[in-house]
Number of protein chains: 2
Amino acid sequence: MANDTRQRLLEASAQLFREQGYAGTGLKQITTAGGAPWGSLYHFFPGGKEQLGAEAIAHSGARYERLFELTFARGGEDIVQCVRDFFQLSVDALEKSGWADGCPIATVAMEVASTSEPLRHACAEVFASWEAAFARGLAGAGIPPERAAELATYALAAFEGAIVLSRTTHDTRALRITAEVVATTLRAELPAA
Amino acid sequence: MANDTRQRLLEASAQLFREQGYAGTGLKQITTAGGAPWGSLYHFFPGGKEQLGAEAIAHSGARYERLFELTFARGGEDIVQCVRDFFQLSVDALEKSGWADGCPIATVAMEVASTSEPLRHACAEVFASWEAAFARGLAGAGIPPERAAELATYALAAFEGAIVLSRTTHDTRALRITAEVVATTLRAELPAA
DNA sequence: GTCTATATAGAGATAGAC
DNA sequence: GTCTATCTCTATATAGAC
């Protein structure tokens, strides 16, 4: 079916961009990985690589937002444990994938921040949605909304940076250590039980 | 002079890689920016783009390590303020450069983590040197060496992630908030004065 | 509407003039 | 030894056959 090919192209793009970046991934490689003929790419994405990139970013972003919300769904009880769990998800993903499966956005975000305004904007929107999901979880644990928004930004930054370090060093140490320090920091901000 | 051209090629590479990434930067663009003729690139870097990339990474890395050490040189007194200062350096650099001047390593590190083992290794060594410099500063402030190493990893992760967010959103908010939370976290680890 | 074949530009790399 | 001119390969993008 037509929609199926489109979806496969998006999935393949998201995965390849995450591993190799935007500039480092060719459209040929994407069509091959997605099992789609060359021509169908421009049929579904007449805007070419940039349109495909923007949609792939939004696609990955929405999927991870659901993962965020799922992890924090039971967060009213123990939000700190949820944060630990989230870092652990990334530890497992990196190890299982041979250090390929990091953040689906960060690599592209850094590449395009100064080279493509539409793509930069797409990345910014994804980060904002993740922060918002995170902040809802923290607010649900009793932290005042304004402070929850700040701590969500902080926690997301620490998480993203730890992925950069772990993926580069081929060692989950950075993620594990950062998870513990962030968890401790957040616990100190919770209202007294 | 010969060494001059080589140096200019390294500087141009470092700057372009930081802004556009490794795959997104062409060798032609580097020679143009460095004011060097095309042929001299392969004269000075017979290993081609990968050799140039590895040397540019080490070059940037060493320069920033000196910046780390300079910022922490007076850190025995007030290490927390030094951390704040370091985040502020990045805030200023991003604003002054129109969001181009972020981390000189992170963009390339993410791109090459799964595509070039030599380049990944070069990035990992840079991160390790920064962590070590950071840890020396924290240990100098009285934190036990083992804990100082952990906190250095944590602080570097938070710093790197905050740059990713700020550069993507065109807003220094992430850097400013992260700086404050990290500063508070580190202060709590200092030995009682 | 779907895909094959091709156009055009630019990449990284090399050969050889001076 | 330094640089110019060129080679080959692959990139994105398009045209047109079916």
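Helices here are DSSP runs of H or I with at least four residues, numbered from the N terminus. Keep that in mind for helix α7 of chain A, residues 117–140, which holds both Arg120(A) and Glu117(A). The two sit three residues apart, about one turn of the helix, and their side chains meet in a salt bridge with an N to O distance of 2.4 Å. One more thing before we go on: this is a predicted model.

Let's stay with that pair for a moment. Arg120(A) has a relative accessible area of just 8%, so it is buried. Its partner Glu117(A) comes in at 42%, so that residue counts as partly exposed.

Other salt bridges reach further along the chain. Take Arg147(A) and Glu189(A), whose side chains meet at 2.6 Å, N to O. This pair links distant parts of the chain, with Arg147(A) in helix α8 (residues 145–169) and Glu189(A) in helix α9 (residues 173–189), 42 residues apart. Arg147(A) is partly exposed at 27% relative accessibility, and Glu189(A) is partly exposed at 27% too.

Over in chain B, Glu65(B) forms a salt bridge with Arg136(B), and here the closest N and O atoms are 4.0 Å apart. Glu65(B) belongs to helix α4 of chain B and Arg136(B) to helix α7 (residues 117–140), so the bridge ties together parts that lie 71 residues apart in sequence. Glu65(B) is partly exposed at 22%, and Arg136(B) is partly exposed at 45%. In chain A, salt bridges with shared partners join Glu65(A), Glu69(A) and Arg136(A) into one network. Over all chains, the count comes to 24 salt bridges.

Now for the DNA. Which residues come closest to strand D? They are Leu27(A), Trp38(A), Tyr42(A), Trp38(B) and His43(B), out of 13 residues that surround the strand. Of the atoms of strand D that come within 4 Å of the protein, sugar and phosphate account for 58%. Several polar contacts go to phosphate oxygens. One such oxygen is 2.4 Å from an N or O atom in the side chain of His43(B), and a phosphate oxygen is 2.6 Å from an N or O atom in the side chain of Tyr42(A). With Thr25(A), a polar backbone atom is involved, and the distance to a phosphate oxygen is 3.5 Å.

Which elements give two or more residues to the surface near strand D? They are α2 (27–33), α3 (38–44) and α4 of chain A, together with α3 (38–44) of chain B. The largest share, four residues, comes from α3(B). By type, the surface near strand D divides into five nonpolar residues, six polar and two charged.

On to strand C, which is surrounded by 14 residues, the closest being Trp38(A), His43(A), Leu27(B), Trp38(B) and Tyr42(B). Sugar and phosphate make up 61% of the strand C atoms that come within 4 Å of the protein. A base is contacted here: a base nitrogen of strand C lies 3.0 Å from an N or O atom in the side chain of Trp38(A). As for the phosphates, an oxygen is 2.5 Å from a polar backbone atom of Leu27(B), and a polar side-chain atom of Tyr42(B) is 2.6 Å from a phosphate oxygen. The elements giving two or more residues to this surface are α3 of chain A plus α2 (27–33), α3 and α4 (48–73) of chain B. It is α3(A) that gives the most, with four residues. The surface near strand C is made up of six nonpolar, six polar and two charged residues.

Next, a backbone feature. Trp99(A) isn't a glycine, yet it has a positive phi of about 70°. You'll find Trp99(A) in the loop between α5 (79–96) and α6 (106–112) of chain A. Is this tryptophan buried or exposed? At 16% relative accessibility, Trp99(A) counts as buried, since the cut-off for buried is under 20%. In chain B, Trp99(B) has a positive phi near 70°, lies in the loop between α5 (79–96) and α6 (106–112), and is buried at 15%.

Finally, have a look at the surface of chain A. Leu67(A), Leu70(A) and Leu89(A) make a nonpolar patch of about 270 Å². Leu67(A) lies in helix α4 (residues 48–73) and is partly exposed at 32%.

Definitions and conventions. Residues are numbered from 1 along each chain as its sequence is written. Chains are lettered from A and ligands numbered from 1 in the order in which they are written. This is a predicted model: local features need pLDDT of at least 70, side-chain atom pairs count only at pLDDT 80 or more; totals for chains, interfaces and linings use all residues. Side-chain values use heavy atoms; hydrogens and water are left out. Patches are made of residues with over 30% relative accessible area and no salt bridge: like charges are joined within 9 Å, nonpolar side chains (Val, Leu, Ile, Met, Phe, Trp, Tyr) within 5 Å. Accessible areas come from the Shrake-Rupley method with a 1.4 Å probe; for residues, only the protein chains shown count as cover. Buried means under 20% relative accessible area, exposed over 50%, partly exposed in between (1.4 Å probe, protein chains only). A residue is near a molecule or strand if one of its heavy atoms lies within 4 Å of it. A polar contact is a pair of N or O atoms within 3.5 Å; within protein, one must be able to donate a hydrogen and the other to accept it, and residues adjacent in sequence count only if both atoms are side-chain atoms. Ala, Val, Leu, Ile, Met, Phe, Trp, Tyr, Cys and Pro count as nonpolar, Asp, Glu, Lys and Arg as charged, and the others, Gly among them, as polar.
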